[in-house]
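Thanks for coming. I will take one structure and go through it piece by piece, so please keep the display in view.

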Amino acid sequence: MPELPEVETVRRGVEPHVLGRRIIEVTVRDARLRWPIPADFADFARHQQINAVSRRGKYLIFALDSGDRLIVHLGMTGRVLVLDAGHPVIKHDHLDLLLDDGRLLRYHDPRRFGAVLPWPKDAPGHVLIDSLGPEPLSDAFSGAYLYERSRHKKVAVKSFVMDGQVVVGAGNIYAAESLFRAGVRPTRPAGRVTRAEYSRLADSIREVLREAITQGGTTLRDFAGADGVSGYFQQDLYVYGREGLPCRICGTPINSMRLGNRASCWCPGCQR
DNA sequence: CTGTTAACCTGAGTGC
DNA sequence: TGCACTCAGGTTAACA
């Protein structure tokens with residue numbers, strides 16, 4: 001699934017194709033996503049013009065000319081593709097937005113952990129967006145912020161930075177990579193990580209996410225940008241998926257364990 | 001409140 | 001070829 005860099009890559013890939021385009025028809029083939037696509041979704045989206053495509057954390061937000069918005073989340077295996085109308089439909093193609101230029105925006109998601117939801121203009125906020133932590137690439141995010149938020153917390157620092165209420169966008173891959181670059185073991189209780197370490201960690205998170213965006217994301221199995229092209233950040237991974245392999249810095253075999261039900265890799269030599 | 005676990009769902013990979 | 005099992009980029013609901 002897509003973490004922040006993959007979602008941002010999708011946003012950038014989709015945006016030029018949909019800006020100013022009007023949705024002329026909506027086809028829902030399977031509404032059973034993480035939350036069901038509401039029965040009135042087609043009526044909600046039809047005839048609306050797409051004025052902007054933004055991102056909040058791992059959520060894509062399509063702003064419509066009426067002031068309504070569409071929220072799209074890719075879950076673990078979701079994709080958004082821009083295709084010509086009439087493109088063959090394959091398994092897991094759950095939703096099409098037919099555009100007024102003969103193209104369509106297609107949502108494809110084998111595991112259906114993602115979501116496509118309306119966000120009406122008269123709703124001040126949205127339950128999925130309101131309680132999110134700061135954007136890691138914004139000024140609101142810093143080592144001091146992480147330090148303050150983490151005091152007295154016993155949760156592992158990796159789980160802490162993967163918590164979307166703390167900071168958005170760092171999933172399993174980038175949390176592991178950021179902790180490696182900061183030299184902090186993922187198992188450390190968040191409340192025991194020092195101010196200096198959080199300063200390095202905040203820098204690392206920003207750096208890793210920026211680099212990954214530049215590379216077009218990381219490609220494992222299911223991710224591809226809107227144009228179907230893969231990302232290249234996997235060439236820059238130091239710990240994720242490298243259990244048992246020698247550390248690229250010190251040669252020590254990369255260690256792995258489960259933290260909060262997620263595989264977590266780190267280097268015993270480089271990370272304290 | 002905090003913290004941990006199971007659950008959602010399908011497909012790919014592995015071992016027998 | 002088949003079957004049983006594990007694992008996967010996210011997030012929340014239900015627990016103790």
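**Helices, a loop and a DNA strand**

I start with a pair of helices: H1 passes H7 in a right-handed crossing. Keep in mind throughout that this is a predicted model. H1 covers residues 4-18 and H7 covers residues 195-214; their axes come within 9 Å and cross at roughly 35°. On the H1 side, the residues that meet H7 are Leu-4, Pro-5, Glu-8, Thr-9 and Arg-12, and on the H7 side they are Leu-209, Ala-212 and Ile-213. By type, the residues of this contact are five nonpolar, one polar and two charged. On the spacing of positions in a helix, recall that an α-helix has 3.6 residues a turn, so residues three or four places apart point the same way.

Next, helix H6, residues 172-182, where Ser-178 lies. Is Ser-178 buried or exposed? Ser-178 counts as buried, because its relative accessibility is 1% and the cut-off for buried is under 20%. What does its side chain have for a polar partner? A polar atom of that side chain lies 2.6 Å from the backbone oxygen of Tyr-174. Leaving aside neighbours within four places in sequence, Ser-178 is in contact with Leu-201, Ser-204, Ile-205 and Val-208.

Now to helix H4, which runs over residues 143-150. At its start, a side-chain oxygen of Ser-142 reaches to within 3.4 Å of the backbone nitrogen of Ala-144. Which residues of H4 are buried? They are Gly-143, Tyr-145, Leu-146, Tyr-147 and Ser-150. These buried residues pack against H7 and against helix H5, residues 157-162.

Ser-150 deserves a moment of its own. This serine in H4 is buried, with a relative accessible area of 0%. A polar atom of the Ser-150 side chain lies 2.9 Å from the backbone oxygen of Leu-146. Not counting residues up to four places away in sequence, Ser-150 touches Phe-160, Ala-190, Gly-191 and Tyr-198.

After H4 comes His-152, in the loop between H4 and H5. His-152 counts as exposed, because its relative accessibility is 79% and exposed means over 50%. Its phi is near 70°, a positive value in a residue other than glycine. For background, most residues other than glycine have a negative phi.

Val-155 also has its place in the loop between H4 and H5. Val-155 is partly exposed, with a relative accessible area of 36%. Setting aside residues up to four places away in sequence, Val-155 touches Phe-160, Arg-188, Pro-189 and Ala-190. For a sense of distance, the C-alpha atoms of Val-155 and Asp-101 are separated by 50 Å, and these two are 54 residues apart along the chain.

Another loop to look at is the one between strand S7, residues 103-108, and strand S8, residues 115-119, where Arg-112 has its place. The phi of Arg-112 is near 60°, again positive in a residue other than glycine. Arg-112 counts as partly exposed, at 27% relative accessibility.

That brings me to the DNA. Which residues are around DNA strand B? They are Lys-91, His-92, Pro-110, Arg-111, Arg-112, Phe-113, His-152, Lys-153, Lys-154, Val-155 and Asn-261. Sugar and phosphate account for 61% of the atoms of DNA strand B that come within 4 Å of the protein. The residues of this surface divide into five charged, three polar and three nonpolar. Note that His-152, Val-155 and Arg-112, from the loops I just went through, are among the residues around the strand.

Three polar contacts with the strand can be picked out, and I will take them by the part of the DNA involved. At a phosphate, a polar side-chain atom of Lys-91 lies 3.2 Å from a phosphate oxygen of DNA strand B. At the backbone, an N or O atom in the side chain of Arg-112 is 2.7 Å from a sugar or linking oxygen of DNA strand B. At a base, a polar side-chain atom of Asn-261 lies 3.2 Å from a base nitrogen of DNA strand B.

To go back over one thread: Ser-178 and Ser-150 are both serines in helices, the former in H6 and the latter in H4. The Ser-178 side chain has the backbone oxygen of Tyr-174 at 2.6 Å, and the Ser-150 side chain has that of Leu-146 at 2.9 Å. That is all I have.

Technical notes:
Residues are numbered from 1 along each chain as its sequence is written. Chains are lettered from A and ligands numbered from 1 in the order in which they are written. This is a predicted model: local features need pLDDT of at least 70, side-chain atom pairs count only at pLDDT 80 or more; totals for chains, interfaces and linings use all residues. Side-chain values use heavy atoms; hydrogens and water are left out. A residue is near a molecule or strand if one of its heavy atoms lies within 4 Å of it. A polar contact is a pair of N or O atoms within 3.5 Å; within protein, one must be able to donate a hydrogen and the other to accept it, and residues adjacent in sequence count only if both atoms are side-chain atoms. Ala, Val, Leu, Ile, Met, Phe, Trp, Tyr, Cys and Pro count as nonpolar, Asp, Glu, Lys and Arg as charged, and the others, Gly among them, as polar. Axes are lines fitted to C-alpha atoms, for helices over the stretch in contact, and angles run from 0 to 180 degrees between N-to-C directions. Helices (H or I, at least four residues) and strands (E, at least two) are DSSP runs, numbered from the N terminus. A crossing is left-handed if the near helix is turned anticlockwise from the far one by less than a right angle, and right-handed if clockwise. Contact means heavy atoms within 4.5 Å. Buried means under 20% relative accessible area, exposed over 50%, partly exposed in between (1.4 Å probe, protein chains only).
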